[in-house]
Amino acid sequence: LSNYSVYKLKGKKVFVRADLNDPINEKGELIGDMRIRATLPTIGYLVGAGAKVIVASHMGRPKNKETKYSLCNVKKYLSKNSPFRVHFVPSWGDEVKDILKLLRDGEVLLLQNLRFHPGEMSNDEEFAKFLASLADIYIFEAFGAAHRKHASIVSVPKFLPSMLGFLTEKEINTINRLIEQAKKPFLFILGGKKVSDKIKLFERLLEKAQTICIGGAMACTFFKAMGYEVGQSFYEKDAITTANAIMKKAEQNGCKIFLPEDVMVAKTISENTETRYVSRKDIPPDMHVVDIGPKTFETYKKEINSANTILWNGPMGIYEIPKFSWGSKSIAMAIAMSKGIKICGGGDTAEVLNSSNLISHFDHVSTGGGAFLKFLEGCQLPALEAISDIE
Ligand code: 3PG
């Protein structure tokens, strides 16, 4: 979009495939707005250029068109928090075309949750053709869903001239720049549950990073690999060999790997439980590892303060439970206050920053979860392959 002449947009029907899939509560009310806000520059630009802007997104993983997943709450959000005139079509039928006929230049038409239509996730060609028939131009702006082969992502651009929106361009350029031109020392802080989900990421980053600090449940798989007991904690039996191989490869590459020296352990995974800090060598057999400890934080903070580039993915513990969120929040704060270039991604990690009001302290917070990881791993994302930038 940044290379496309703004004058060509006036009066054009522009289909924006966005990812407005922000967190909602049981009633379907938005309890986060990071992705919606990140999409507003593209919508605002198109509105300003006098285009008729058709916005489509998925929300959640509905099984049966549950009302909480309707985009009517996004419509309310946009009407309240943006200057745009937004219309909404609550269902997938002929009314989409009827309402579109009434749309004026500079107005926005928000379509219903794409996943309420069976053709979206099955990548049905007829559905893609129908979506394409609504517009003159297609803009892909759903970076968070770029790894999905769904109709509105990979098939609509077959039938329309297509290009990327500002947010997606920024995600790609920033992440590529980070990986290719990272100023050393490059520190990678990695948390989350499974080593097995992040093997490819390790493989790539062991080549690029000078230091890797590990937290979250995946640390327990490494503890097992080192011969320590992890009590009742989750760990991946099948990934112990992989964890050993990762540590060996790191040594060969001259990449330092840090694992928590101390951890918080809890009797149960709940707020009102007994907790204490113990050395990784003394994890009690009847307790769960739920967060990193203060000694570990001090070590990781030193690494954070001496790094020139920091990439963070994955919380340090079970941050959703406030009692176990200290480590993740402290790491977030330490990165925010450090001098290096800071980039973070993954739904949970972004949520830690959001809830601590730290997003603006980062150079880039990716709107992608799975897509961010796939892109970091160096995978081709189907959405990006489907786009053939128009001039
Ligand atoms: C996400 O939340 O990561 C994206 O919106 C994609 O959603 P999905 O994992 O349900 O496809």
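## One annotated binding site

In UniProt, an unreviewed entry carries the annotation "binding site" for Lys198, Glu320, Gly346, Gly347, Asp348 and Thr349. Keep in mind that we're looking at a predicted model here. Two of the residues named in that annotation, Glu320 and Asp348, get a closer look below.

Glu320 sits in a loop, the one that links β13 (309–313) to α12 (326–336). Is Glu320 buried or exposed? Partly exposed: 14 other C-beta atoms lie within 10 Å of its own, and a residue has to reach 20 or more to count as buried.

Asp348, on the other hand, belongs to a helix, α13 (residues 347–355). Asp348 is partly exposed as well, because it has 17 C-beta neighbours inside 10 Å. Which residues does Asp348 touch, once neighbours within four places in sequence are set aside? The contacts are Gly314, Pro315 and Tyr319.

## The parallel strands β13, β14 and β15

Now for the strands around these helices. Strand β14 covers residues 341–344, with Ile341 and Ile343 pointing one way and Lys342 and Cys344 pointing the other. Buried or exposed, these four? All are buried, Lys342 included.

β14 runs parallel to β13, and four bridges join the two. One place to find this pairing in the structure is Leu311, which stands opposite Ile343 of β14. To get from β13 to β14 the chain passes through α12, making a right-handed β-α-β crossover. The loop with Glu320 is part of that route, lying between β13 and α12.

β14 also pairs with β15 (residues 364–365), again in the parallel sense, over two bridges. Here Cys344 stands opposite Val365 in β15. The link from β14 to β15 goes through α13 and is a right-handed β-α-β crossover too. That helix, α13, is where Asp348 is found.

## An antiparallel sheet with a helix across it

Elsewhere in the chain, three strands make up an open sheet with antiparallel pairing, in the order β11-β10-β12. Which strands sit at the edges? They are β11 (275–279) and β12 (288–292), each of which pairs on one side only. From one strand to the next, the twist averages 40°.

Zooming in on one pair, β10 (residues 262–266) and β11 are held in antiparallel pairing over five bridges. Ala266 has Thr275 in β11 as its bridge partner. Helix α11 (residues 294–306) lies across β10, β11 and β12, and runs at about 140° to β10.

## Three annotated arginines

UniProt, again from an unreviewed entry, also puts a "binding site" feature at Arg35, Arg115 and Arg148. Arg35 is in helix α1 (residues 34–48), while Arg148 is in the loop between β5 (137–141) and α6 (151–159).

Why does Arg35 count as buried? Because 24 other C-beta atoms lie within 10 Å of it, and 20 or more is enough for that label. Arg148 is buried too, with 21 other C-beta atoms within 10 Å.

And what does Arg35 touch, not counting residues up to four places away in sequence? The list is Asp19, Leu20, Asn21, Asp22, Gly144 and Thr367.

Definitions and conventions: Residues numbered from 1 in each chain as written. Predicted model: local features only at pLDDT ≥ 70, side-chain atom pairs only at ≥ 80, totals over all residues. UniProt positions renumbered as here; feature names shortened; annotations may be inferred. Buried ≥ 20, exposed ≤ 12 C-beta atoms within 10 Å, placed from the backbone. Contact = placed C-beta atoms within 7 Å. Pairing = 2+ DSSP bridges. Right-handed = clockwise from strand over helix to strand, strands pointing away. Axes fitted to C-alpha atoms, helices over the stretch in contact; angles between N-to-C directions.
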